[in-house]
Amino acid sequence: MSIISMKFGNFSNRWSFLLLLWTGLVLGKQRKADGVRSASPRFAEPIRNVTRAEGRSLTLACVVENLEPYKVSWIHINRHMLLTLHDAVITRNPRFRITHNGHSTWVLHIDNVQKDDQGEYMCQINTNPMISQSGYVTVVVPPKIDEDITSSDREVKEGSHVTLQCRASGIPAPNITWRREDNQEIIIGKKKVTKVVGDILDIYHVKRTHMGAYLCIASNQVQPSVSKRILLNVKYLVKSAEI
């Protein structure tokens, strides 16, 4: 009792958890007193780990054999939250639902997945002692460019040094790639490259050939990738021979 209370003492609905515990103890004593010999509940298969993008939906299935007369609950371990008790939803979060096909498969549904939903989910049966198994939910987030700290259009003098910066958030952390919008090579010192990888694009001794639109592309294998167009304008003196 003390171990379980320590582990789940932060549940938002402690009374529901104590009711679950009490039900398991009472049923266990009653079965022993009646001398009933029947197959004990067991998990028929493991809970699969799930990776899902933020905003999507997911399901976790708990498959149980010989459940009667016990009950199934779902718990989010990381948030110390009792989500469901048998066919009742305990949490007040409307994004969580429970469905079942009688007494074998109990499916937890999470709609509009959020970053806080990541973590370990336990399917628990109120036997005495209780038995449980867990699955893990990983939430990924598509990249988003941070406009506040990403460069906007720039105008520089020929021969000067310009730094273009691109920042993006996402889970996992996005990779940044620079390309020219016209697919021309980027001149970096004495080198010509088709792309530059990294948050910063440094161009020294800017020339007129550097003029044009550059694309900052953020990607992390979570669709969609995003990009920002940054226009670089180069001011130069027109020589008399060019007039």
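Colleague: What makes Arg208 count as a charge over the face of Tyr236?

Modeller: In this predicted model, Arg208 lies over the face of Tyr236, at 4.1 Å from the ring centre. The rule asks for CZ of Arg within 6 Å of the ring centre and within 35 degrees of the ring normal. The value of 4.1 Å is within 6 Å, so the distance condition is met.

Colleague: How many aromatic pairs are there?

Modeller: Zero. A pair needs ring centres within 6.5 Å, so the count of zero says that no two rings met that rule.

Colleague: What makes the largest nonpolar core a core, and which residues have the most contacts inside it?

Modeller: A core is a set of buried nonpolar residues joined through side-chain atoms within 4.5 Å. This one has 24 residues. Leu60, Trp74, Leu108 and Tyr121 have the most contacts inside it. As core members they are buried, which means under 20% relative accessible area.

Colleague: Where do the core residues come from?

Modeller: Strands S3 (58-65), S4 (72-76), S5 (81-85), S7 (96-100), S8 (105-110), S9 (119-125) and S10 (131-145) each give two or more. The largest share, four residues, comes from S3.

Colleague: Which residues does Tyr121 touch, leaving aside its neighbours within four places in sequence?

Modeller: Among them are Leu60, Trp74, Phe96, Leu108 and Val137. The list also includes His76, Gln133, Ser134 and Gly135. Each has heavy atoms within 4.5 Å of Tyr121, so each counts as a contact.

Colleague: Which residues belong to the second core?

Modeller: That separate core has 18 residues, including Ile145, Val156, Ile203 and Ala218.

Colleague: Why are S1 and S7 called edge strands?

Modeller: The open sheet runs S1-S3-S8-S7, with antiparallel pairing. S1 (42-43) and S7 each have a single partner strand, so one side of each is left without a neighbour in the sheet.

Colleague: How do you know that S7 and S8 pair?

Modeller: Pairing takes at least two bridges. S7 and S8 have five, in the antiparallel sense, so they qualify. Phe96 stands opposite Ile110 in S8.

Colleague: Which strands pair with S20, and in what sense?

Modeller: S11 (residues 154-157) pairs with S20 (residues 226-235) in the parallel sense, over four bridges. There, the partner of Glu155 is Asn233. S19 (residues 212-219) pairs with S20 in the antiparallel sense, over seven bridges. Gly212 stands opposite Leu232. Four and seven both meet the minimum of two bridges, so both count as pairs.

Colleague: Which residue takes a positive phi in the hairpin of S19 and S20?

Modeller: Gln221, near 70 degrees. The hairpin has six residues between the strands.

Definitions and conventions
Residues numbered from 1 in each chain as written. Predicted model: local features only at pLDDT ≥ 70, side-chain atom pairs only at ≥ 80, totals over all residues. Heavy atoms only, no water. Buried < 20%, exposed > 50% of the residue type's maximum accessible area, 1.4 Å probe, protein only. Phe/Tyr/Trp six-rings, centres within 6.5 Å; stacked < 30°, edge-to-face > 60°.
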